[in-house]
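Colleague: I would like a close look at one part of this model. Please take me through the place where two chains meet.

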Amino acid sequence: MSAAKSFQITQTTPFINHIKQQRPLVHCITNDVVQNFTANILLAIGASPAMGIAEQEVAEFVNIADSLLINIGTIHSNTAQSMLLAAAKAQQTQTPWVLDPVAVGAALNYRTEIAYQLLSFNPTVIRGNASEILALNGQKSFSKGPDGQDTTQSALNAAQELAQKYQTIVAMTGDVDYITNGNSTYSITGGDIALTKVTGTGCSLSAMVAAFIANSPDPLSASACACFMMKKAGELANKQGLGTFSISLLDQLSTFNSSL
Amino acid sequence: MSAAKSFQITQTTPFINHIKQQRPLVHCITNDVVQNFTANILLAIGASPAMGIAEQEVAEFVNIADSLLINIGTIHSNTAQSMLLAAAKAQQTQTPWVLDPVAVGAALNYRTEIAYQLLSFNPTVIRGNASEILALNGQKSFSKGPDGQDTTQSALNAAQELAQKYQTIVAMTGDVDYITNGNSTYSITGGDIALTKVTGTGCSLSAMVAAFIANSPDPLSASACACFMMKKAGELANKQGLGTFSISLLDQLSTFNSSL
Amino acid sequence: MSAAKSFQITQTTPFINHIKQQRPLVHCITNDVVQNFTANILLAIGASPAMGIAEQEVAEFVNIADSLLINIGTIHSNTAQSMLLAAAKAQQTQTPWVLDPVAVGAALNYRTEIAYQLLSFNPTVIRGNASEILALNGQKSFSKGPDGQDTTQSALNAAQELAQKYQTIVAMTGDVDYITNGNSTYSITGGDIALTKVTGTGCSLSAMVAAFIANSPDPLSASACACFMMKKAGELANKQGLGTFSISLLDQLSTFNSSL
């Protein structure tokens, strides 16, 4: 992949203002642990969350939404069918959507199988950690539940291959974030270790990516901006303890200095 | 509706003290996004939350509860049946109950149909935004998921009609809150725009209404007091960012100056 | 039970450091209200939470987990089966596990029946309030939903009998916490009334107990340390309001002074 072009984020203002002006409705079928935090993070950046999960209405939600997030963290047979219906509808209506394949890998077969079914509906972006990206690319990964133990550097080739194979964007986050369409790759450094010690920061970032790609002409750069914004907010947030950090992270996102 | 009597809240102390003294058990079948925030808000005002959802036990919960909240935000075929059983039991035992018809309207048929079924069990209060009240009253509404886009002023007649039609109280909240039984109407101004940017403030207000009407001889005034308390807490809360605001809102509710 | 040995906690450092070094994966099948708070509390003390709930994968989660928590607070027919499967797997793999029998008692039959089924899979620890422990021991209890109204002092004999009957540890928390295996009993005083006014502190303590007993040679002392840590964090947390308290509690747990 030596021919891949490499980018740094330089300009976030237009992307952030785009959300504030459009107030995109982001439909989220996400895990039970992070629904509240995810909704609050979407509201903080100026988007509007919707969280319906019933099979009877997820297609209707996709109809009115500007983008969709599917996160399989607490997948259940009751919600798996809703996820598949929503993804199918998003493909049909060309609604941009993000797949967050939480904890896929050899140890957990059910969710891995559903993740592959979801992949067949052409997600606009796959947002995951290195272990999840390696697993989706059919490679050996080291994870322990939702916490992956592979580095993003070691999985960069896998991310680029996966993006090419599925004609999608892979936003792989970790110590360094890589956002790639298989040809062009953004890399983002920074952030803070505390981001890994509050539940739902990764899941909520996937929702932010969904907000950023809504009605966007450049989903690759938009996805990279979302990742940059989360890392920067993590750097700026108060770290006197993990409770304060999670609240301060919301404060930083809701008052983000878009002149960066 | 020119004959409707109009009221302002002047005295919240007796209502707030009533909750602190009685510590009502409020059974909540509410949406997955806001269960935690709702429980914490109920505890903050001195009520006791219960959150059971199984078909096998919701009637038992209603039996021991002082009031009931049903919120259809993340309704699913698994919980719809529980909601109907709980509402039927509340009607039978004359337990006061609140219906929060989240996001009903033409775009979302399943939840709208369930909301009408729930209405047949005589809710004591319907708490919703203007778009939801218009939709329940069979009128055209403009909403985008859970965020309504109609003003409460434009929906006041609908609220009064709906209250009369179902012999209930309608607590319609927004820029101005109107709480009406079809004949007498409280109007409440104030509050803060930040209340619309934290998920679950409306849903939790519905739970507060359920706490205020428990064992109350005057559910109309009690409902209006709940709305007033939320608006006032929103005014007083720290607004340095949306994370801080949500925590400060809980602080304000838990230390509310009942001498207002 | 006059022959029971009585202990006070004197040394928490080794137990707390054990978690930070091992970073145990604690699989939680817990109630919808507290999943987020529970995950954040586990992360705060240095453990790693996993929250899968599907019947198809709970056994796989137990396979990779260091310990398991089952909390029946919002039990549903969809999750009851998952709980039973996970408990059976934990028994088979000798994975230490904690049962939190939320609100069991005469008023709520469904969950009480499931709790007894779960008991047959030999939980390592049962963590509950006095009313729940009395109820599980077949005695009359006074509870109103999840809030018990019996004192731990009045239920101490029941806790010791229950521990002997099921060859388990009972961690009964309240004004005074008692942690007993039927022969030896720790008692822990202190804490703060605010701990009873934030939802999920008891449920999250059960998860902390699960983290402390992971790979522990002394689960009785480990369970007592978890209870001590929660009481102490509650004493130290900022009490300017219940919102601030809940965040400060997380701060205190994440920065706990292990030299106590």
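By what turn and what shift along the axis can chain A be laid on chain C, and with what RMSD?

Modeller: Keep in mind that this is a predicted model. A turn of 120 degrees lays chain A on chain C. The shift along the axis is 0.0 Å, and the RMSD is 0.0 Å. The two copies are thus related as by a three-fold rotation axis. The copies use different surfaces: 13% of the contact residues of chain A recur in chain C. Which residue of chain A comes closest to that axis? Asp32(A) does, with its C-alpha at 3.9 Å.

Now the contact itself. Chain A gives 31 residues to it, and chain C gives 28 residues. On the side of chain A, the elements that supply two or more residues are four helices. They are H2 (35-45), H4 (77-93), H5 (109-119) and H10 (242-254). H10(A) has the largest share, with five residues. What is this side made of, by class? Polar residues number 15, nonpolar residues 11, and charged residues five.

Step back to chain A as a whole. Its secondary structure comes to 10 helices and 11 strands. The C-alpha trace spans about 40 × 40 × 35 Å along its principal axes. How does its radius of gyration fit a compact globule of 260 residues? Such a globule would have a radius near 18 Å, and chain A has 17 Å, so the two agree. Of the 260 residues, 66% are buried. Contacts also reach far along the sequence. Take those between residues at least 6 apart: 69% of them join residues at least 24 apart.

One residue of chain C makes a useful contrast. Ile193(C) sits in the loop between strand E11 (184-188) and helix H8 (201-213) of chain C. Is Ile193(C) buried or exposed? It has 9 other C-beta atoms within 10 Å. A residue counts as exposed at 12 or fewer, so Ile193(C) is exposed. From Ile193(C) to Phe61(C) is 132 residues in sequence and 35 Å in space, C-alpha to C-alpha.

Last, the confidence. Chain A averages a pLDDT of 94, and 97% of the residues score at least 70. The model scores ipTM 0.95 and pTM 0.96. Where pLDDT is low, the predicted coordinates should not be read in detail.

Definitions and conventions:
Residues numbered from 1 in each chain as written. Chains lettered and ligands numbered in written order. Predicted model: local features only at pLDDT ≥ 70, side-chain atom pairs only at ≥ 80, totals over all residues. Rg over C-alpha atoms; globule rule 2.2 N^0.38 Å. Buried ≥ 20, exposed ≤ 12 C-beta atoms within 10 Å, placed from the backbone. Contact = placed C-beta atoms within 7 Å. Nonpolar A, V, L, I, M, F, W, Y, C, P; charged D, E, K, R; others polar. Least-squares fit on C-alpha atoms with pLDDT ≥ 70 in both. pLDDT = per-residue confidence, 0-100.
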